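Trainee: I would like to learn how to read helix packing and burial from a model. Could we work through one case?

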Amino acid sequence: MHRREARVVTATVLGHWQWDHLQVWQLPHTAGTRGEPQARQVLAPVLGLAPEQLPISRSERGRPQLGRPLEGQDVGWSHSGGHLLVALGQGVRLGVDLERIQPRPRMAEVIARFFHPDEVAWLLGLEEAARQQWFFRVWCAKEALLKAHGHGISFGLHRFAFAPQGQCLQVSVSDPELGPAGSWQLREWAIGADFRAALAWQPL
């Protein structure tokens, strides 16, 4: 993954990442405010429309989506701790998530209660420091995938699993409603020392 220069937009862009037909921007964000206004500012010049003209609507479950004439594009955003990520992709259904790394005294309990059995066995078998590192990566990846799917965590974190492949994560088990495990792609990265980011997508 390579960090690249961001395009000049009216919003303050702190970082920009690109993988083929997908892009993610990082912006500063004020706690308690909505992410959509800033997302519109970033996306508008890329999509060739004014911010207020972008055909962004919400699904019944609140997932952002683009309408005509931009149906072939997909968008998403996530904010935490003063940061906002905005994602754009073509020919995919995507989800992006940002998680702050912070102490979780009941981490083992959360894993055992909510994660897939394969993840429970793997994560609870790790030493504490390694478990914390992987826990936040897995949690962030799960959130990103479920945002792409459109149901959110109410779908059930236990209904699919991530597994390590070297230093990367990939979907190893997938509920039929999510489609084949191999249809999902994931990119992860760190934002400073305190945040994990993940972008998950599936081709349309």
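Trainee: In which hand does H2 pass H3?

Mentor: Handedness is read from the turn of the near helix relative to the far one. In this predicted model, H2 passes H3 in a left-handed crossing. The residues that make the contact are Ala 108, Ile 111 and Ala 112 on the H2 side, with Glu 119, Val 120, Leu 123 and Leu 124 on the H3 side. By class, they comprise 6 nonpolar residues, no polar ones and 1 charged.

Trainee: At what angle do the axes of H2 and H3 cross, and how are the two helices oriented?

Mentor: An angle over 145 degrees counts as roughly antiparallel. The axes of H2, residues 107-114, and H3, residues 117-124, cross at roughly 155° and come within 8 Å. H2 and H3 are therefore roughly antiparallel.

Trainee: At what angle do H2 and H4 pack?

Mentor: The angle is about 45°, and the axes of H2 and H4 are 11 Å apart. Angles under 35 degrees would count as roughly parallel, and those from 65 to 115 as roughly perpendicular. H2 and H4 are therefore oblique to each other. H2 passes H4 in a left-handed crossing.

Trainee: Which residues of H2 and H4 meet?

Mentor: From H2 there are Met 107, Ala 108, Val 110 and Ile 111; they meet Arg 131, Gln 132, Phe 135, Phe 136 and Trp 139 of H4. This contact divides into 7 nonpolar residues, 1 polar and 1 charged.

Trainee: What span does H4 reach, and what would be expected?

Mentor: A span can be compared with a rise of 1.5 Å a residue. H4 covers residues 128-149, 22 residues in total, and reaches 31 Å from first to last C-alpha, close to the expected 32 Å. Just after H4, Gly 150 has a positive phi of about 105°.

Trainee: How many residues of H4 are buried?

Mentor: Buried means under 20% relative accessible area. In H4, 16 of the 22 residues are buried, so this helix is largely enclosed by the rest of the structure.

Trainee: Is Leu 66 buried or exposed?

Mentor: The same cut-off of 20% applies. Leu 66 has 9% relative accessibility and therefore counts as buried. Leu 66 lies in strand S5, residues 64-66.

Trainee: Which residues does Leu 66 touch?

Mentor: Leaving out residues up to four places away in sequence, Leu 66 touches Leu 47, Pro 55, Ile 56, Glu 71, Gln 73, Asp 74 and Val 75. As for Leu 27, its C-alpha is 21 Å from that of Leu 66, with the two 39 residues apart in sequence.

Notes. Residues are numbered from 1 along each chain as its sequence is written. This is a predicted model: local features need pLDDT of at least 70, side-chain atom pairs count only at pLDDT 80 or more; totals for chains, interfaces and linings use all residues. Side-chain values use heavy atoms; hydrogens and water are left out. Axes are lines fitted to C-alpha atoms, for helices over the stretch in contact, and angles run from 0 to 180 degrees between N-to-C directions. Helices (H or I, at least four residues) and strands (E, at least two) are DSSP runs, numbered from the N terminus. Contact means heavy atoms within 4.5 Å. Ala, Val, Leu, Ile, Met, Phe, Trp, Tyr, Cys and Pro count as nonpolar, Asp, Glu, Lys and Arg as charged, and the others, Gly among them, as polar. The expected span of a helix is 1.5 Å times one less than its number of residues. Buried means under 20% relative accessible area, exposed over 50%, partly exposed in between (1.4 Å probe, protein chains only).
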